[in-house]
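These are my notebook entries on one protein chain. I set down what I looked up, entry by entry.

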Amino acid sequence: MKQHQSIRNQSRGHSAEAFTLIELLLVLVILGVLAAIVVPKFAGRTEQARNTAAKTQISNFETALDAFEVDNGYYPKGKNGLNDLVVQPKDAPNWHGPYMKQETIPLDPWQHAYIYDCPGKHNASTYDIMSMGPDGRVGGDDDITSWDQSKR
């Protein structure tokens, strides 16, 4: 009799541990609803984080460029002037760099090169730095610049 009762308890235990198809479908529906709510919120935050990263990198460039100018008496010239922050130019005997922690100039968060002009078109006495933003083209509302403080 005892043996029969333990077999019946074991079979009850197995059925109590198993999920029905309805329960599994209900869990999948709940997960789908949660994903539909959460994913769009994170997608918008990703672009915002990239914009913030580009603004921060431009600020880092500005700090490094100012240090370069203090040491050498001028800002690096030309479109490739940011490279002078990590590699000593021939005409900079007082260079005390590298002025950036990286060995190379980083790309913006969208994997485009930052645009550097010295002298700048917007800051004629210093320089202009710009990320073209997500569209990868100069111009438009998505550009992140050193001269437009309202975008910072």
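**Entry 1. Q111**

I looked up Q111 and found it exposed, with a relative accessible area of 57%. Since exposed requires a value over 50%, Q111 falls in that class. Q111 is located in the loop between α2 and β1. I also noted its backbone: phi of Q111 is positive, at about 65 degrees, although the residue is not a glycine. I record here that I am reading a predicted model, not an experimental one.

**Entry 2. Elements of the chain**

I then listed the secondary structure. The protein chain has two helices and three strands, and from the N terminus on they follow the order α-α-β-β-β. I checked burial over the whole chain: of its 152 residues, 28% are buried. For contacts between residues at least 6 apart in sequence, I noted that 43% join residues at least 24 apart.

**Entry 3. Cis peptide bonds**

I looked for cis peptide bonds and recorded two entries. The bond from G97 to P98 is cis, with omega near 10 degrees; P98 belongs to the loop between α2 and β1. C118 and P119 are also joined by a cis peptide bond, with omega about 0 degrees, and P119 sits in the loop between β1 and β2.

**Entry 4. The sheet**

How are the strands ordered in the sheet? I found an open sheet of three strands in the order β1-β2-β3, with antiparallel pairing. The edge positions are held by β1 and β3 (144-145), each of which has a single partner strand, so one side of each is left without a neighbour in the sheet. Between β1 and strand β2 (residues 128-131), I noted three bridges, and the two strands run antiparallel. Taking I115 as an example, I found that its bridge partner in β2 is M130. As background, I wrote down that strands of a sheet pair through backbone hydrogen bonds, either parallel or antiparallel.

**Entry 5. The nonpolar core**

I turned to the largest nonpolar core, which has 23 residues. The residues with the most contacts inside this core are F61, L65, L82, L85, Y116 and I129. Helix α2 (residues 21-72) supplies the largest share of the core, namely six residues. The general expectation I keep in mind is that nonpolar side chains in soluble globular proteins tend to be buried together.

I followed Y116 further, leaving aside its neighbours within four places in sequence. Its contacts include L65, L82 and I129, which are also listed among the residues with the most contacts inside the core. Y116 further touches Y75, P76, G78, K79, G81, Y127 and D128.

**Entry 6. Aromatic pairs**

How many aromatic pairs are there? I counted six. One of the pairs I examined is F61 with Y114, which is edge-to-face, with 5.1 Å centre to centre and 80 degrees between the planes. F61 lies in helix α2 and Y114 in the loop between α2 and β1 (115-117), so this pair ties together parts that are 53 residues apart in sequence. Are the two partners buried or exposed? F61 is buried, with a relative accessible area of 0%, and Y114 is buried as well, at 8% relative accessibility. I also found that ring pairs link F68, Y74, W95 and Y99 into a cluster.

**Entry 7. N72**

I looked up N72, which has its place in helix α2. N72 counts as buried because its relative accessibility of 14% is under the 20% limit. Without its neighbours within four places in sequence, N72 is in contact with A92, P93, N94, W95 and Y99. Two of these contacts, W95 and Y99, are members of the aromatic cluster in the previous entry.

**Entry 8. The largest pocket and D117**

I closed with the largest pocket, which holds about 170 Å³ of space. Which residues are the closest to its centre? Of the 12 lining residues, they are D117, H122, M130, V138 and W147. β1 and β2 each supply at least two residues of the lining.

I looked up D117 separately. D117 is part of strand β1 and is buried, with a relative accessible area of 16%. Residues up to four places away in sequence not being counted, D117 touches G78, K79, Y127 and D128. These four residues also appear among the contacts of Y116.

Methods
Residues are numbered from 1 along each chain as its sequence is written. This is a predicted model: local features need pLDDT of at least 70, side-chain atom pairs count only at pLDDT 80 or more; totals for chains, interfaces and linings use all residues. Side-chain values use heavy atoms; hydrogens and water are left out. A nonpolar core is a set of buried Ala, Val, Leu, Ile, Met, Phe, Trp, Tyr and Cys residues joined through side-chain atoms within 4.5 Å. Buried means under 20% relative accessible area, exposed over 50%, partly exposed in between (1.4 Å probe, protein chains only). Helices (H or I, at least four residues) and strands (E, at least two) are DSSP runs, numbered from the N terminus. Contact means heavy atoms within 4.5 Å. Rings of Phe, Tyr and Trp (its six-membered ring) pair if their centres lie within 6.5 Å; planes under 30 degrees apart count as stacked, over 60 as edge-to-face and the rest as tilted. Two strands pair if DSSP finds at least two bridges between them. On a 1 Å grid over the protein atoms alone, a cavity is a set of points where a 1.4 Å probe fits but cannot get out, and a pocket is an open set with protein on both sides within 12 Å along at least five of seven lines; lining residues have an atom within 4 Å of a point. Grid points are joined across faces, edges and corners, and a volume is the space filled by probe spheres set on the points.
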